[in-house]
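Let's take a friendly walk through the strands and surface of this model. Please keep the structure open beside the text as you read.

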Amino acid sequence: MQRNILWRILTIVALVCVTGLASPLVKAKGSAPAGDPAGQEWLTYGGNLYNQRYSSLDQITPDNVKNLKGAWVYHTNVFSGGTSFESSPIVVDGVMYLTGPQSQVYAVDARNGQEKWKYIPTIEGVESLPLCCGQVNRGVAVGDGMVFVGQVDAKLTALDAKTGKVAWSVQVDDPRAGYSETMAPIFYDGKVYIGVSGAEYEIRGHVTAYDAKTGDQVWRFYTIPGPGEAGHDTWPQDNEMWKYGGGSVWQAPALDPDLGLLYIAVGNPSPDLDGTQRAGDNLYTESIVALDLKSGQPKWHFQEVHHDIWDYDTV
């Protein structure tokens with residue numbers, strides 16, 4: 001019983017190497033680096049905008065990794081059998097931002113684990129929402145003095161980075177129709193980019209850019225092209241399956257500032273295992289798609305699996 005309870009308590013454990021003290025954390029000098037490796041801080045989901053997840057730090061080595069030990073523990077006190085902890089910590093100015101499975105946000109001092117603030121959203125009937133793979137959240141984006149989190153009730157919420165108070169919150173889509181937010185958003189140059197989960201429930205996937213200061217929608221790209229759009233001919237022309245074709249985007253995209261492109265990975269079509277109602281290649285499911293940062297217009301794509309009937313996901 002005790003082991004069961006401990007397994008359900010989400011905890012954050014920080015490790016230190018006993019071979020030496022860590023260098024002091026330095027303040028961020030601006031937005032996340034594009035292609036440079038992450039340093040003392042981890043400013044975006046993928047470490048840098050290219051999503052390379054590479055760190056330049058070298059204090060921990062193959063020789064001394066065995067000496068790691070716990071430095072502090074932070075208990076979120078979340079008890080639920082239908083959740084998992086998949087948050088990637090973001091560290092900015094010495095503050096670590098993490099998320100819980102019901103879209104909670106925790107701001108803690110990265111040096112000692114002391115809580116600075118926490119955000120607990122009010123999500124009524126979360127247990128009854130049509131969520132594919134349980135209640136989960138993969139992290140936040142930070143920029144312009146705010147913390148951005150996607151919520152399982154299909155909202156995008158901006159929090160004051162110092163206090164945790166809500167600056168704005170927008171409804172990205174309808175959670176009762178199968179849409180949800182589980183991915184970590186991306187912040188760049190005054191905009192927040194976020195996809196949507198829910199392809200198992202016959203949604204029409206999309207990626208949306210929002211103004212970081214106001215929450216106003218800047219553009220939206222649908223991953224299932226409609227009539228008159230390039231790629232619509234890869235869907236049946238005698239039914240309206242394109243309206244329910246899936247194509248969720250639940251992994252944080254990569255971004256190239258020099259080329260002005262956002263690279264998204266689109267997931268499975270819908271229905272996921274039955275392709276009889278959706279003859280064709282079913283673009284842009286199971287594809288990598290490059291979008292113009294300013295307009296959201298597609299520049300190129302590569303489909304990895306044509307007419308997927310195995311529920312693969314391009315991630």
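## Two sheets and a surface patch

A107 has W117 of β6 standing opposite. This is a predicted model, and that pair is a good place to start looking around. V108 likewise has a counterpart in β6, namely E115. Both pairs belong to the contact between β5 and β6: β5 covers residues 105-109 and is joined to β6 by four bridges, with the two strands running antiparallel.

Follow the chain from β5 to β6 and you pass through a hairpin with five residues between the strands. Within this hairpin, G113 takes a positive phi near 80°.

Now step back to the sheet around these strands. β5 and β6 are part of an open sheet of four strands, ordered β3-β4-β5-β6 and paired in the antiparallel sense. The edges are held by β3 (90-92) and β6 (115-119); each has a single partner strand, so one side of each is left without a neighbour in the sheet. On average, neighbouring strands here are turned by 20° against each other, direction ignored.

Further along the chain there is another open sheet of four strands, with the order β15-β16-β17-β18 and antiparallel pairing. Its edge strands are β15 (254-256) and β18, and because each has a single partner strand, one side of each lacks a neighbour in the sheet. In this sheet the average turn between neighbouring strands is 15°, direction ignored.

Inside it, β16 (residues 261-265) pairs with β17 (residues 287-292) over five bridges, in the antiparallel sense. If you would like one pair to look for, I264 has V289 in β17 as its bridge partner.

The residue pairs named so far can be set side by side:

| Residue | Stands opposite or bridges to | Strand of the partner |
|---|---|---|
| A107 | W117 | β6 |
| V108 | E115 | β6 |
| I264 | V289 | β17 |

As a general point, strands of a sheet pair through backbone hydrogen bonds, either parallel or antiparallel.

Finally, which residues form a nonpolar patch on the surface? They are I309, W310 and Y312, with about 320 Å² of accessible area together. Y312 lies in the segment after β18 (298-303), the strand at an edge of the β15-β16-β17-β18 sheet. Is Y312 buried, partly exposed or exposed? Its relative accessibility is 44%, so Y312 counts as partly exposed.

Terms used:
Residues numbered from 1 in each chain as written. Predicted model: local features only at pLDDT ≥ 70, side-chain atom pairs only at ≥ 80, totals over all residues. Heavy atoms only, no water. Pairing = 2+ DSSP bridges. Axes fitted to C-alpha atoms, helices over the stretch in contact; angles between N-to-C directions. Patch = residues over 30% accessible without salt bridge, like charges linked within 9 Å, V, L, I, M, F, W, Y side chains within 5 Å. Areas by Shrake-Rupley, 256 points an atom, 1.4 Å probe, with all protein chains shown as cover. Salt bridge = Lys/Arg side-chain N within 4 Å of Asp/Glu carboxyl O. Buried < 20%, exposed > 50% of the residue type's maximum accessible area, 1.4 Å probe, protein only.
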